[in-house]
Structures are given as C-alpha cells and as structure tokens.
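Subject: Structure for your files

Hello,

Here is the structure I said I would pass on. Please look it over before reading the notes underneath.

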Amino acid sequence: MKRRYIFNKKLYSQNPEKITKSYDVAVIGGGMAGLFAALEIDKSKKVALVIKGGLEGGSSYLAQGGICCVLDEKDSFDAHIKDTLTAGAGHCDEKAVEVMVCEGPENIKRLIDYGVRFDKNCDGTLKLTREGGHCARRILHCGGDATGKEITKALGKACEERENIDILWNTDLVDILTDENGVCGIVANDKCNDFIIKTANVLVATGGAGQLYRYSTTPVGNTGEGIAACFRAGCELSDMEFVQFHPTAFAIHEEGERLFLISEAVRGEGAVLKNKYGEAFMSREGNHPLADLAPRDIVTRAIIDEMKQTDDTKVYLDTSAMSAGFFEKRFPTITKKCREHGITPSKDLIPVHPTQHYLMGGVSTDLHGRTNVEGLFVCGEAACTGVHGANRLASNSTLECVVFAKRAADYINANFRTAENEISLGKEPYYIVSPDSSEMAADMCKLKEIMTEKVGAVRKRSELETARCLLSDLKLKYSDCNFENEKGYSLYSAIDTALVITESAINRTESIGSHYIQD
C-alpha cells in the first residue's frame, strides 16, 4: 500500500537543507515515558526531545493516583502479576506483565535518583496506598494526589540540565519518514512551519487518543497523532478496541473542557459509590466481590446501568468514612476542585460519572519497545506492550511508562543506528486542495459525536457499523487535501485513529474487559 504523508512535500523539495536538522535520536513526547527515555539514552548521543506544548500539557502531568510497585514485604511480585492479569480479563501478555512488575523496584530507584520525591511515612519509609483491583497497598504517590505533576517536573528538570538533550518546546509530530532500511527521520511543526529531523532512531511516546471522545480526562489535543503517524509509517497496531472509561470523573464541567478526574485512590481510602437515593449499589448481592474497588470496566458499566435505572446523569461518591483533615491532606488537588464548586469533601457527596480515560491498545511493540519498522520504538500509552490486556489496572500505566522507556533506551544504546546522508521522500503528488479551517473544526466535533454515541463504553454492532461508514466518509473527504497546520494534521490523524478503533471493535465479536457488546 502506498504511504500517505500529510505534510507539505513541495516545501521540502524546494529547500531541503534549510529545514533539516540532524540528531542521533529523536524522542517524541513530554510525559513520563518520553522524558525518562531521553534521560536513559547514552550521554554521548545528541537527542532531540520533541514536546507538543509544555510539560503541563500531557496526560502524565495530570496523573493523580500514583505509580504501583511491589515494595512491602507483605506484598509479592506474584500477587501484583495476578491482579494485573485479572484486571486484563485474561488478555494480557504474561511475559510483558512479569517484566513490568519485576523491574519496577529498580526503576523506582532511578526516578528517585532523578529527583522524584515520593511521599513518606513518619519513619521515613515510602508511603504505600491501595487502589481498585489491587489486593495490597503498593501505590506510591507524590504530594498526595499530584504524582504525575511531581514526577514530570522532576524528569523535565533533569532533561533541561542534560547537555546532550535539546528540548523542542511547542513542537508537534507530523509524520515519520522511512526508507528501505527503516526510519530515516521525522517531520515536525513548531506551530508555524514544518521542518525535518534526520535520524535513524525514533522513540514515540505521544500518549493516547482520548480527545476522540466528547468527554475525556485527557488533555485537549490528545487525538492519537503519534499512533496515526506510526500507522502511516507501516507499524502494526493491536488491541485498539480496548478503550478504558474511568468510572469517576467530576460531573460538574463545561462543554468541551477536559474533565477533572476523581482518582480511584479516593475509593481506595474508603469512599463508596451511591445513587441519588443514597443506596450503595456496588455492594449489592451479585455484584463484584471487590464492590467499589472492582476493575474499572465493571464499575463503569455498573454506574451506567445505575444512571439508567434512576434516570440520572451521575452518581455520587460518599467520602464520609474519611475525616476532613485526612481527605484534604491526602487529596489536596481534589479538595481544591470540589471547594471551587461549593462541595466540602467528607461532608458533601461528590457527583461523578464515567468518561473516556485511557487506551489499552496502540502500536504493537516487543519487550524493548521495538515496532516492526526498524529504528522505530514506541512507549507509554501510544504502545501496546500487552501488559494491560483488555482493561488496565490502576497505576500500572505509569509503571509501564518507565519500565519500557528504559528498556527501549537501553536497546537503542546497544544497537545504535547511523542515519544515511540523504532523505528521499519519493514522488508522491503534492495535494493542492486546502481544507477550510471552520469546516475542519466542525468535522472534529462530528467525529467526537460519532465515537461518543457509537463506540463508547457499551457498544452495539449496528452502531459500530454505522460509525465505520461515517468515519470512512470523513477519511475520503480529506484524502486529497494538502494540510498546512496543526489543526489539519490533528484532524487527519484523529480520523485514522478513530477508524482503527472502530474497525477493531467490529472485528472482536465477543465482550471482553473494556470492550462490551450489548447485543
């Protein structure tokens, strides 16, 4: 199949030297996976760290819950592996899970070496908490519920201090360039112009695709550009039908804004889900034995069913089991958000409802982050390592980021590829149709409606087929367009990613984990 570049090739052919930069390694993404990988690349290699906005613009920065790791003598690797496999509904790659769990402690130590300050007990030991699906306390956190923010800031500071790392802020990944030997570079955009980075080693850590949905806890702009760029470059994708919906997003929000997450750790500390009549529905007979701490897909569907039964658009978290002082110290960010809306935790109920949160699928990789395209590596949420199976266990995502980012960096260090002198883009025609900006914005909204209404947490086969037809029409509409800016690049990548998710959902006929077929 002939590959489709979405950047302006005519610009490059007119002046290739002016818009080309050379690096040993290009790392794409400013979250935990990208930052950690950049730091683990050998200091003798020149690294381009491409970050879409600033550090605060990624999903890692927003992570509240923490990072899980077996550190308690009462816990065990086997127990963590079992919890992960159970949550993954039997669809996990057991070897990948074993690698992630067993290499957790050494990577936690690396984070501490890079300046990450995890919360500690009075005796100086690391404080461990529990979340849904876990049989033991094994979640580390920073600043109560600011784990992602603190880890990202520490890793970002370390990257800024590293002489071999050039940070390209406010820069988007547009395309991945390949030749007969594999990766030969990337096309990036600095919000004004396209330019090429020539390199034979590319690590993509761009996150998932939450903003394909009307409501998501992920940052605005999280539309799957990295996954789509890898797909266009010839990478295989896996498990794209497994889209996780978090059960408890804050139910007070404006249309179009990123939803605020009420961390699963709140239920881990004793909060209980109730309907508008004050009934604790997760503990009813016949429900999951873990009740409010059941895996996310089960809690999400239980909430959706409860909202239908009670004719309500939300359910409520009762946090009265915790004192006001404990709640505020443990969850300062959540406390602040609630108070902004006149809600006092421990006294008032917190309104919540399910929303898109995470993508378990992604670009297929091996245990070193390698894809089927030579020189191209993928880590973090953009990758499908197999550790999450059909439903991610809480706080495993952050652990996956660091474990497999280090593995990918180690592989690049040991198997470094040298870039060729020339980049050839072939003779693909230059597209002359320029899409209208307002029309693209309208079509992005249309795409979100399609995905929300027809490819959500509960699916019907007929609606999936309708979604595929509508998305295919959008793909055809823009197939001959010449995109010139971030808005166009984002839309085309969103269409690519949404289509793969929908087709994968159609192809998997049985319900498993987060992929639930109602009919």
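The notes below go from the whole chain to one sheet and then to two single residues.

Please keep in mind that this is a predicted model.

Overall chain

The protein chain contains 16 helices and 18 strands. Its radius of gyration is 22 Å, close to the 24 Å that the globule rule gives for 519 residues, so the chain is as compact as a globular protein of that length. Along the principal axes, the C-alpha atoms fill a box of roughly 65 × 55 × 40 Å.

Of the 519 residues, 60% are buried. The protein chain exposes about 20,600 Å², and 48% of that area is supplied by carbon and sulfur atoms. As for contacts between residues at least 6 apart in sequence, 74% of them join residues at least 24 apart.

One sheet

An open sheet is formed by four strands, in the order β12-β15-β14-β13, with antiparallel pairing. Which strands stand at the edges? They are β12 (243-250) and β13 (272-274); each has a single partner strand, so one side of each is left without a neighbour in the sheet. On average, neighbouring strands of this sheet are turned by 45° against each other, direction ignored.

At the β13 edge, three bridges join β13 to β14 (residues 315-318), and the two strands run antiparallel. One of the bridge pairs can be named: V272 has D318 in β14 as its bridge partner.

Two residues with positive phi

Most residues other than glycine have a negative phi. Two residues of this chain are worth a check on that account.

- D239 is not a glycine, yet has a positive phi of about 55°. D239 lies in the loop between β11 (237-238) and β12, and the strand β12 that follows this loop is one of the edge strands of the sheet described above. With a relative accessible area of 17%, D239 falls under the 20% cut-off and is therefore buried.

- S346, also a residue other than glycine, has a positive phi near 80°. S346 sits in the loop between α12 (332-340) and β15 (350-359), and β15 belongs to the four-stranded sheet too. Is S346 buried or exposed? S346 counts as buried, at 17% relative accessibility.

To sum up the pair, D239 is in a loop that leads to β12 and S346 is in a loop that leads to β15; β12 and β15 are adjacent in the sheet order.

Regards

How values were computed:
Residues numbered from 1 in each chain as written. Predicted model: local features only at pLDDT ≥ 70, side-chain atom pairs only at ≥ 80, totals over all residues. Heavy atoms only, no water. Pairing = 2+ DSSP bridges. Axes fitted to C-alpha atoms, helices over the stretch in contact; angles between N-to-C directions. Rg over C-alpha atoms; globule rule 2.2 N^0.38 Å. Buried < 20%, exposed > 50% of the residue type's maximum accessible area, 1.4 Å probe, protein only. Contact = heavy atoms within 4.5 Å. Areas by Shrake-Rupley, 256 points an atom, 1.4 Å probe, with all protein chains shown as cover.
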